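Q: Can we go through the empty space in this model, and then one helix pair?

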Amino acid sequence: MKTGLVLEGGAMRGMFTAGVMDVLMENDVDFDGVIGVSAGAAFGCNYKSKQIGRVIRYNTRFCADKRYCGLGSLLKTGNIYNTDFCYSTVPLEIDPFDFAAYDANPQEFYVVCTDIESGQPVYHKYLGKNDHGFDWIRASASMPLVSRIVEIEGRKLLDGGIADSIPVRYFQSIGYDRNVVVLTQPKDYQKEKNSAMPLIHMKYKRYPNLVAAMENRPAVYNETLAYIAQEEAAGRLLVLRPPEPLPVDRVEKDPEHLKAAYTIGRQTAKKRLPEIKAYLQG
């Protein structure tokens, strides 16, 4: 039996995920592997490095900082989240990511990106600092329209959520047969057509497979939710989700809103903790 933790993205809805993760780490709940998409990758890597509280700490500290994110960064750099500050200054200098602990932990950590030329998901086992620094995580979290394309090993990559928002099937396919899934939308949520599709068609006209993937994303996402519900009902997945829509914007500037979403994640995990432990023990 291999246990896995599957982390959906959702930009700053990931504060819910951060709250869940911190409670699990505080209670020594471990997994053989973790897979994260977008914010799930950017925040989920802290599970392998065992840095409790780091996600909520640096996000509340810098969410309103112009160096961190905002329209100014987008206009100046092409990235709404400033690459140099978010993926260099913060994790290497101000609030260091513990690469030594990450490397020492045998847990596998995967990120999901989207290959913009094929429109297909790329699943990558991230090996730490020598594996292109934070570029794989940055690629997974590079939201279309507000982020520059990230090139790694000849591939052009964007947000993993475009091609596979909740990579449950992939984790099951590589042997993770007892998975906890953390979603960032409430139970009855259904994804609707992206209102920005006209802009997407214009900006990415050179990448028709990417545009098609974004056109199809709502149908693919909602079908994945149906599959998760089926697996959950059969006892093959344990799913954590917020009880109602989270009180955060995708690019949230109010630290109190981030704390509120984080607290909801903590409360959800604490409530389900005995169930989680029993499920993982088989």
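A: This is a predicted model, and what follows covers its cavities, its largest pocket and one helix contact.

Q: How many cavities of 30 Å³ or more turn up in a search of the whole structure?

A: The search finds 2. The largest has a volume of about 410 Å³, and the second largest has about 60 Å³.

Q: Which residues lie nearest the centre of the largest cavity?

A: Ala42, Tyr81, Cys86, Tyr87 and Ala141 do, out of 28 lining residues.

Q: And which elements give two or more residues to that lining?

A: Helix 2 (39-49), helix 3 (54-62), helix 5 (83-94) and helix 7 (135-140). Helix 5 has the largest share, with 5 residues.

Q: What is the lining of the largest cavity like by class?

A: There are 20 nonpolar residues, 6 polar and 2 charged.

Q: OK, the second largest cavity. What lines it?

A: One run in its lining is Gly161, Ile162, Ala163, Asp164, Ser165 and Ile166. Arg217, Val220, Tyr221 and Thr224 also line the second largest cavity. By class, its lining residues divide into 5 nonpolar, 3 polar and 2 charged.

Q: Switching to pockets. What volume does the largest pocket have?

A: About 700 Å³. Its lining has 30 residues, and Tyr189, Lys191, Asn194, Arg217 and Arg250 lie nearest the centre of the pocket.

Q: Arg217 again?

A: Yes. Arg217 is in the lining of the second largest cavity and is also one of the residues nearest the centre of the largest pocket.

Q: Which helix gives the most to the lining of the largest pocket?

A: Helix 10, residues 208-233, with 4 residues.

Q: And the classes in the lining of the largest pocket?

A: The count there is 13 nonpolar, 9 polar and 8 charged.

Q: Back to helix 3 and helix 5. At roughly what angle do their axes cross?

A: At roughly 115°, with the axes coming within 12 Å. The crossing of helix 3 past helix 5 is right-handed.

Q: Which residues make the contact?

A: Helix 3 contributes Arg54, Tyr58, Arg61 and Phe62. From helix 5 come Phe85, Val90, Pro91 and Ile94.

Q: How do the residues of that contact divide by class?

A: Into 6 nonpolar and 2 charged, with no polar residues. The charged ones are Arg54 and Arg61, both on the helix 3 side.

Q: And these two helices both touch the largest cavity?

A: Yes, helix 3 and helix 5 are among the elements that give two or more residues to its lining.

Definitions and conventions: Residues numbered from 1 in each chain as written. Predicted model: local features only at pLDDT ≥ 70, side-chain atom pairs only at ≥ 80, totals over all residues. Heavy atoms only, no water. 1 Å grid on protein atoms, 1.4 Å probe; cavity = no way out; pocket = protein on both sides within 12 Å on 5 of 7 lines; lining within 4 Å. Points joined across faces, edges and corners; volume = space filled by probe spheres on them. Axes fitted to C-alpha atoms, helices over the stretch in contact; angles between N-to-C directions. Left-handed = near helix turned anticlockwise from the far one by under 90°. Contact = heavy atoms within 4.5 Å.
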